[in-house]
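This report goes through a structure in short sections, beginning with a single helix and moving on to how the chains meet each other and the DNA. Please keep the sequence and the 3D view at hand while reading.

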2 protein chains.
Amino acid sequence: MSEPIFRVKLYEDVADRITARIRTAQWRAGERLPPEAELAKEFDVSRSTVREAIRSLQRTGLIRSKAGSGSYVAPNAPVILQTRELAAIMGDREHLHDLVQTRYILEPQMAALAAAQATDEEKRHLCYLVDRMAEQTERFELMAAGHAFHMELARLSHNVVLDGFYRSAADQLRSMRVLDSLTEAVYRDGIEEHRQIAQAVAAGDAAGAKQLMKAHLKKDYGAYLQDTEE
Amino acid sequence: MSEPIFRVKLYEDVADRITARIRTAQWRAGERLPPEAELAKEFDVSRSTVREAIRSLQRTGLIRSKAGSGSYVAPNAPVILQTRELAAIMGDREHLHDLVQTRYILEPQMAALAAAQATDEEKRHLCYLVDRMAEQTERFELMAAGHAFHMELARLSHNVVLDGFYRSAADQLRSMRVLDSLTEAVYRDGIEEHRQIAQAVAAGDAAGAKQLMKAHLKKDYGAYLQDTEE
DNA sequence: ATAATGATACTGTCCGACAAATTATTATGG
DNA sequence: CCATAATAATTTGTCGGACAGTATCATTAT
């Protein structure tokens, strides 16, 4: 059993090369790319391969093709490249601290927003989610229920952008299994904290919800937040 | 000039149909897709078209193809769909308020972080950027210099995730030209505010920097932040 | 000067073919 | 009967060519 030989697929290679030229502003935002036939000759591949490369870049928004006219670099190409970079950064354990700190900054604010914005029904549902946590007997189930609570709270902020950012960070943290090492006892204690947060939100107490959430996160993530006072 | 007839490109249509089947869990995460030839027959298009559709979905991470084996739905397909949704949300003017509110929440915190984390050289450079603002005579140049200041301040938070989120939101706001209607006089007044913020950061005054940034943003974006007290 | 016309260039779609990689099946030897 | 090797079948990767449909631009006509 030898090491897997990574055969770089041509269309990926071509897509990367095109991306590189956009990144280095060799082809600038809004400009037209050379025709597919020309690119094929330049990269020494078939036109089909060039097309597949362009298709892959098109869905990310980096390139737009118009039949009869040509393929154009997106006007906001830099933003798109940057977004892709961000995804890579978030997936890197090296930046775990930043990820935790981001969550620590976002979530208390979102709790405050939720307290101010959530409807009565939403508040009831949030309390219900705490009850569901208390019902769980398995450690894994308890974690999942806790995650559901936090996600729902984020939604109650009624800010889709903030919610999106928060989800990205929280999902990433979960996939990194950062809190898996916590003992079940710690989780059990957490239920009461969740209940207090839910009650503050239900009471419309923005400042209280914010403060309770901060304390809750500090307890779970304390090891990562030593330099974050505030 | 009639309405532009939107001729849906076949590969886009196919890509959307494939996406729909993944979204509805008809094809689940990790599963193998039917072979390209079969998909071609089912969608009644050529294999080339199916391939271009798959390529476009591959770069976003929704599908992974292995030569000789098949194409598979990514294990984290749901997260990817969600991220794509976020990009669409941010580009929608309907959610302008949320975008502004997000910036209003992120940036003061980042100013505080910058005050605590930035090096002496970085602080000097930040002050230099304020001076550069004061030098600008053209309205457009002044706006650009202001943008550069905010971006640099975000970087000084020394948190790459937060910085990435902030950039996404700020760039999006700029591309929507939200602040273009402000008069040049307002921008001129803003220079002094920037200077105060820079000085607070340079002095390591986290609370002060945060408060000054809040006031600054409230002034520019006040119309969008009426419901955001705090 | 403006509008219609046509030439040209380019992308969109299809087809067919073969190579290369993987997986499934069969054959072989113990 | 089992483990392993050889073989076949399946599937993606790449190529080349062909033609249609659309946009762009120069030319011509009004």
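## One helix of chain B

How many residues does helix 8 of chain B have, and how far does helix 8 reach from its first C-alpha to its last? In this predicted model, helix 8 of chain B runs over residues 160-175, has 16 residues and reaches 22 Å, which is close to the 22 Å expected at 1.5 Å a residue. Of these 16 residues 12 are buried, so helix 8 of chain B is largely enclosed by the rest of the structure.

The buried residues of this helix include Val160(B), Val161(B), Leu162(B), Phe165(B), Tyr166(B) and Leu173(B), and also Asp163(B) and Arg167(B). They pack against helix 4 (77-90), helix 5 (96-117) and helix 7 (139-156) of chain B itself, and on the other chain against helix 4, helix 5 and helix 8 of chain A. Just after the helix, Arg177(B) takes a positive phi of about 55°.

## The contact between chains A and B

The contact between the two chains takes 38 residues from chain A and 38 residues from chain B. On the side of chain A that touches chain B, helix 1 (10-23), helix 3 (47-59), helix 4 (77-90), helix 5 (96-117) and helix 8 (160-175) of chain A each supply at least two residues, and helix 8 of chain A gives the most, with nine residues. By class, this side of chain A divides into 16 nonpolar, 14 polar and eight charged residues.

Helix 5 of chain A, one of these contributors, is mostly covered, with 19 of its 22 residues buried. Its end C-alpha atoms are 31 Å apart, which agrees with the 32 Å that 22 residues should span at 1.5 Å a residue.

## How the two chains are related

Chain A superposes on chain B, with an RMSD of 0.7 Å, by a rotation of 179° with 0.4 Å of shift along its axis. That is the relation of a two-fold axis. Ser56(A) is the residue of chain A that comes closest to the rotation axis, its C-alpha lying at 1.7 Å. Because 97% of the interface residues of chain A are also interface residues in chain B, the copies meet through the same surface.

Within chain A, the domain assignment gives domain 1 (10-80) and domain 2 (91-224), and the C-alpha centres of these two domains lie 42 Å apart.

## The surfaces near the DNA strands

DNA strand C is surrounded by 20 residues, of which the closest are Pro35(A), Leu10(B), Ser46(B), Thr49(B) and Gly68(B). Strand 2 (70-73) of chain A, together with helix 1 (10-23) and helix 3 (47-59) of chain B, each supply at least two residues of the surface near this DNA strand. That surface divides into six nonpolar, nine polar and five charged residues.

Around DNA strand D there are 21 residues, and Leu10(A), Val45(A), Thr49(A), Gly68(A) and Pro35(B) come nearest. Here helix 1 and helix 3 of chain A, together with helix 2 (36-43) and strand 2 (70-73) of chain B, give two or more residues each. The classes on the surface near DNA strand D are seven nonpolar, nine polar and five charged residues.

## Local details of the backbone and packing

Two residues in loops of chain B have a positive phi although neither is a glycine: for Ala25(B) phi is near 65°, and for His158(B) phi is about 60°. Ala25(B) lies in the loop between helix 1 and helix 2 of chain B, and with 12 C-beta neighbours inside 10 Å Ala25(B) counts as exposed. His158(B) lies in the loop between helix 7 and helix 8 of chain B, and with 19 C-beta neighbours inside 10 Å His158(B) counts as partly exposed.

Is Ile63(A), with its C-beta neighbours inside 10 Å, buried or exposed? Ile63(A), found in strand 1 (residues 63-66) of chain A, has 24 such neighbours and counts as buried. Leaving aside residues up to four places away in sequence, Ile63(A) touches Ile54(A), Leu57(A), Gln58(A), Ser71(A), Tyr72(A), Val73(A) and Ala74(A). Ala74(A) is 11 residues from Ile63(A) in sequence, yet the two are 5.2 Å apart in space, C-alpha to C-alpha.

Conventions: Residues are numbered from 1 along each chain as its sequence is written. Chains are lettered from A and ligands numbered from 1 in the order in which they are written. This is a predicted model: local features need pLDDT of at least 70, side-chain atom pairs count only at pLDDT 80 or more; totals for chains, interfaces and linings use all residues. Two residues are in contact if their C-beta atoms, placed from the backbone, lie within 7 Å. Helices (H or I, at least four residues) and strands (E, at least two) are DSSP runs, numbered from the N terminus. Ala, Val, Leu, Ile, Met, Phe, Trp, Tyr, Cys and Pro count as nonpolar, Asp, Glu, Lys and Arg as charged, and the others, Gly among them, as polar. Copies are superposed by least squares on the C-alpha atoms of residues with pLDDT of at least 70 in both. A residue is near a molecule or strand if its C-beta atom, placed from the backbone, lies within 6 Å of it. Domain bounds come from an automatic or database domain assignment. The expected span of a helix is 1.5 Å times one less than its number of residues. A residue is buried if 20 or more other C-beta atoms lie within 10 Å of its own, exposed if 12 or fewer, and partly exposed in between; C-beta atoms are placed from the backbone.
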